[in-house]
Amino acid sequence: GSHFGSSRRIDRSNRAALGSGRPSDAMKAVVAIVLFWAATECSGVKVLRRRDTPEEQRLDMEYRAEDSFGKTALTPACAKVECGEYSCPTPFELKKDATCCGYCWAPDHVVAADRHVVTAFNATGNVIEQCEEAPSTCKGSGANVGRCFKPSCRNGDVPNCSPGSCCPMCTTR
């Protein structure tokens, strides 16, 4: 009999802890806050968010992709490009395919393409020797050797090898 009595006491204490089965005021407040938050998030209402500065609003308007009707608000790429007046010398002709201002064009069989031609080493005479005290990093190996060119110094300056330099540089003496 005493075993059943203690069980009855636990049931009474549990019932007191659980309350009457109705939600408490605190629980109602939590549910109300959650529902309010969900409603504002889903509807897109910005209630608790910070406001954009006037500069941010101006930039949003300037760089937006669509207007309020869903139409593009972007200006065409060439809209603000001002092309100068120009003409193409014969045999070139003006082409405007997918460019803002166009370009002068002629087929290769009419105007030969100007291709780079390799010149002989030091054909211009402007290649000079490295500084005597040049570091080993300037030397390189084989075709990778560092090249020095004759400096074009202004009046009063002369080519000079500074410590640690590969090539002479113009300095005032």
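## Disulfides, two residue environments and overall fold

Cys 78 has a relative accessibility of 33%, and therefore it counts as partly exposed, a class that lies between the buried limit of under 20% and the exposed limit of over 50%. The model in which this cysteine is placed is a predicted one. The partner of Cys 78 is Cys 100, and the sulfur atoms of the two residues are 1.9 Å apart in the disulfide that they form. This link has a torsion of -75° about the S-S bond and is left-handed. It connects distant parts of the chain, since Cys 78 sits in the loop between α3 and β1 while Cys 100 sits in the loop between β1 and β2 (103-105), with the two positions 22 residues apart in sequence. Cys 100 is partly exposed as well, at 36% relative accessibility.

**The disulfides**

A disulfide is a covalent bond between the sulfur atoms of two cysteines. The structure holds seven disulfides, among them the pairs listed here with their sulfur separations and torsions.

| Pair | S to S distance | Torsion about the S-S bond |
|---|---|---|
| Cys 78 and Cys 100 | 1.9 Å | -75° |
| Cys 148 and Cys 167 | 1.9 Å | -80° |
| Cys 153 and Cys 170 | 2.0 Å | about -90° |

The link of Cys 148 and Cys 167, with its torsion of -80°, is left-handed. Cys 148 belongs to strand β4 (residues 148-149) and Cys 167 to the loop between β5 and β6 (169-172), so this disulfide ties together parts of the chain that are 19 residues apart in sequence. Which side of the accessibility limits does Cys 148 fall on, buried or exposed? Its relative accessibility is 1%, and Cys 148 therefore counts as buried, because the limit for that class is under 20%.

The disulfide of Cys 153 and Cys 170 is also described as left-handed, because the torsion about its S-S bond is about -90°. Here Cys 153 lies in the loop between β4 and β5 whereas Cys 170 lies in strand β6, so the pair joins parts that are 17 residues apart in sequence. Both ends are partly exposed, Cys 153 with a relative accessibility of 24% and Cys 170 with a relative accessible area of 31%.

**The surroundings of Asp 157**

Asp 157 is part of strand β5, which covers residues 157-160. Its relative accessible area is 15%, so this residue is buried, given that the class is defined as under 20%. Which side chains does the side chain of Asp 157 meet in polar contacts? One of these contacts is with the side chain of Arg 154, at 3.0 Å, and another is with the side chain of Thr 172, also at 3.0 Å. When residues up to four places away in sequence are set aside, Asp 157 touches Cys 170, Thr 171 and Thr 172. Cys 170 thus appears both among the contacts of Asp 157 and as the disulfide partner of Cys 153.

**The surroundings of Tyr 86**

Tyr 86 is placed in the loop between α3 (54-62) and β1 (93-95), and Cys 78 is found in the loop between α3 and β1 too. With 37% relative accessibility, Tyr 86 is counted as partly exposed. Beyond the residues up to four places away in sequence, it touches Leu 94, Cys 101, Gly 102 and Tyr 103. A polar atom of the Tyr 86 side chain lies 3.4 Å from the backbone oxygen of Gly 102. Between Tyr 86 and Tyr 103, which are 17 residues apart in sequence, the C-alpha to C-alpha separation is 9.4 Å.

**Helices, strands and surface**

For the protein as a whole, the secondary structure amounts to three helices and six strands, and along the sequence these follow the pattern α-α-α-β-β-β-β-β-β. Helix α2 comprises residues 25-43 and contains Val 30, a residue that is partly exposed with a relative accessible area of 46%. Val 30 also takes part in a nonpolar surface patch together with Met 27, Val 31, Val 34 and Leu 35, and the accessible area of these residues together is about 450 Å².

Of the 173 residues in the protein, 7% are buried. The exposed area of the protein is about 15,300 Å², and carbon and sulfur atoms supply 56% of it. Among the contacts with a separation of 6 or more, 14% are between residues 24 or more positions apart.

Key
Residues numbered from 1 in each chain as written. Predicted model: local features only at pLDDT ≥ 70, side-chain atom pairs only at ≥ 80, totals over all residues. Heavy atoms only, no water. Helix = DSSP H or I, 4+ residues; strand = E, 2+ residues; numbered from the N terminus. Buried < 20%, exposed > 50% of the residue type's maximum accessible area, 1.4 Å probe, protein only. Polar contact = N/O pair within 3.5 Å; in protein donor to acceptor, adjacent residues only side chain to side chain. Contact = heavy atoms within 4.5 Å. Disulfide = S-S within 2.5 Å. Patch = residues over 30% accessible without salt bridge, like charges linked within 9 Å, V, L, I, M, F, W, Y side chains within 5 Å. Areas by Shrake-Rupley, 256 points an atom, 1.4 Å probe, with all protein chains shown as cover. Salt bridge = Lys/Arg side-chain N within 4 Å of Asp/Glu carboxyl O.
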